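Biologist: I have the chain open and would like to go through it with you. Could we take a few individual residues and then the overall fold?
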Amino acid sequence: MATRKIVVTSGPTREHFDPIRFLSNPSTGRMGHSIASAAVAHGGFSVIFISGPVNPDFAQVEGAKNIAVTSTDDMLAAVYANLDAGDILIMAAAPADYKPAVRSPVKIKKTENPQISLVPNPDILKQMALKNKTLSPRATLVGFAAETHDTEKYALGKLKDKELDMIFLNDVSKQGAGFASTTNEFTVFFKDGRRIELANASKEELGQKIIDCVLAVPGA
Ligand code: CTP
């Protein structure tokens with residue numbers, strides 16, 4: 001029997017509108033990298049680390065299969081190809097939700113005064129919830145929600161809407177939490193209605209706690 005996989009996504013994605021310019025976000029990949037490292041350290045799973053463009057420190061995880069991607073479409077293709085029955089997906093990445101409707105093959109000059117219109121990207125977790133209907137046993141789906149307001153309402157909405165097993169909410173408006181911080185803190189909501197708090201700690205310590213939490217879910 002094939003070894004069960006833990007698939008971890010990490011970092012931002014980039015959506016180019018010409019060869020040298022893109023839309024993205026400030027995700028560093030530190031959190032995803034620490035989760036995948038903790039998954040390798042746990043043992044017993046094959047770990048697939050799918051990362052958007054990040055600093056070399058966080059781009060690869062020793063002991064994992066490392067897959068580098070650029071856009072949200074690339075990340076979706078890599079997750080889709082690697083998530084099989086009974087696996088665990090931890091979507092720690094911050095994929096761009098929109099991409100330019102048109103990508104110029106050549107550099108756009110400033111005299112062109114460009115107007116960039118955007119079209120939506122696929123939602124990777126929702127696509128995996130669809131794939132899950134064809135898998136037996138189903139894969140465990142874990143999401144993250146970075147919110148600035150009405151945090152609990154939005155996290156619970158995403159838990160239901162994306163058909164997740166659990167979601168890690170962080171309030172990015174707090175000091176010491178979120179994208180560019182070296183520490184973080186989470187409220188974890190499970191689909192059975194339970195919730196727990198993970199107190200402020202370094203992203204490395206939290207990587208370990210997140211893996212423990214995920215592996216405690218029935219079926220995971
Ligand atoms: N996510 C995803 N595919 C996307 C965007 C996000 O799978 N195209 C995943 C993220 O990796 C995260 C979860 O969905 O685990 C929630 O991401 P978030 O950016 O908080 O939410 P969105 O669904 O993008 O909604 P909004 O930006 O409106 O808050």
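Modeller: Certainly. Glutamate 163 is a good place to begin: this residue sits in the loop between helix 4 and strand 10. Please keep in mind that the model is predicted.

Biologist: What is the phi of glutamate 163?
Modeller: Phi of glutamate 163 is positive, near 55 degrees, and the residue is not a glycine. Most residues other than glycine have a negative phi. Glutamate 163 comes after helix 4.

Biologist: Is glutamate 163 buried, partly exposed or exposed?
Modeller: Glutamate 163 counts as partly exposed, because its relative accessibility is 39%.

Biologist: Which residues is glutamate 163 in contact with, leaving aside neighbours within four places in sequence?
Modeller: With those neighbours left aside, the contacts of glutamate 163 are Ala129, Lys133, Arg138, Leu141 and Lys158.

Biologist: And how far apart in space are glutamate 163 and serine 181?
Modeller: Their C-alpha atoms are 29 Å apart, with the two positions 18 residues apart in sequence terms.

Biologist: What about lysine 162, where is its place?
Modeller: Lysine 162 also belongs to the loop between helix 4 and strand 10. Its relative accessibility is 17%, so lysine 162 counts as buried. Not counting residues up to four places away in sequence, lysine 162 touches Asp123, Leu125, Lys126, Ala129 and Leu141.

Biologist: Let us move back into helix 4. Which of its residues are buried?
Modeller: Helix 4 covers residues 151-161, and Thr151, Ala155 and Leu159 are buried there. Viewed down the helix axis, the buried residues fall within an arc of 65 degrees, so they line one face of helix 4.

Biologist: Which residues are exposed on the other side of helix 4?
Modeller: Lys153 and Lys160 are exposed on that side of helix 4.

Biologist: What covers the buried residues of helix 4?
Modeller: The cover includes three strands: strand 9 (140-147), strand 10 (166-171) and strand 11 (183-190).

Biologist: Changing topic to backbone geometry: where is the cis peptide bond that involves proline 137?
Modeller: The cis bond joins serine 136 to proline 137, with omega at about -5 degrees. Most peptide bonds are trans. Proline 137 is placed in the loop between helix 3 (124-132) and strand 9.

Biologist: What is the phi of asparagine 113?
Modeller: Asparagine 113 has a positive phi of about 45 degrees, although it is not a glycine. Asparagine 113 lies in the loop between strand 7 (98-100) and strand 8 (118-120).

Biologist: Buried or exposed, for asparagine 113?
Modeller: Asparagine 113 counts as exposed, because its relative accessibility is 54%.

Biologist: Now the strands. Where is the place of arginine 21?
Modeller: Arginine 21 is in strand 3, which spans residues 21-23. With a relative accessibility of 29%, arginine 21 counts as partly exposed. Glu15, His16, Lys107 and Ile108 are the residues that arginine 21 touches, not counting those up to four places away in sequence.

Biologist: How far is arginine 21 from arginine 103?
Modeller: Their C-alpha atoms are separated by 9.9 Å, while the two arginines are 82 residues apart along the chain.

Biologist: And alanine 201, where is that one placed?
Modeller: Alanine 201 is in strand 12 (residues 195-202). Alanine 201 counts as buried, because its relative accessibility is 11%. Not counting residues up to four places away in sequence, alanine 201 touches Thr183, Asn184 and Leu206. From alanine 201 to isoleucine 50, C-alpha to C-alpha, is 24 Å, and the two are 151 residues apart in sequence.

Biologist: To finish, the whole chain. How many helices and strands are there?
Modeller: The protein chain has five helices and twelve strands. Its C-alpha atoms fill a box of roughly 55 × 45 × 35 Å along the principal axes.

Biologist: What radius of gyration does the protein chain have?
Modeller: The radius of gyration is 17 Å, which agrees with a compact globule of 220 residues, because such a globule would have a value near 17 Å.

Biologist: How much of the protein chain is buried, and what does the chain expose?
Modeller: Buried residues make up 47% of the 220. The chain exposes about 10,900 Å², of which carbon and sulfur atoms supply 54%.

Biologist: How many positive and negative side chains are there?
Modeller: There are 25 positive and 24 negative side chains, and the centres of the two sets lie 4 Å apart.

Methods. Residues numbered from 1 in each chain as written. Predicted model: local features only at pLDDT ≥ 70, side-chain atom pairs only at ≥ 80, totals over all residues. Heavy atoms only, no water. Helix = DSSP H or I, 4+ residues; strand = E, 2+ residues; numbered from the N terminus. Rg over C-alpha atoms; globule rule 2.2 N^0.38 Å. Buried < 20%, exposed > 50% of the residue type's maximum accessible area, 1.4 Å probe, protein only. Areas by Shrake-Rupley, 256 points an atom, 1.4 Å probe, with all protein chains shown as cover. Lys, Arg positive; Asp, Glu negative; His and termini not counted. Charge placed at Lys NZ, Arg CZ, Asp CG, Glu CD. Arc of directions from axis to C-beta. Contact = heavy atoms within 4.5 Å.
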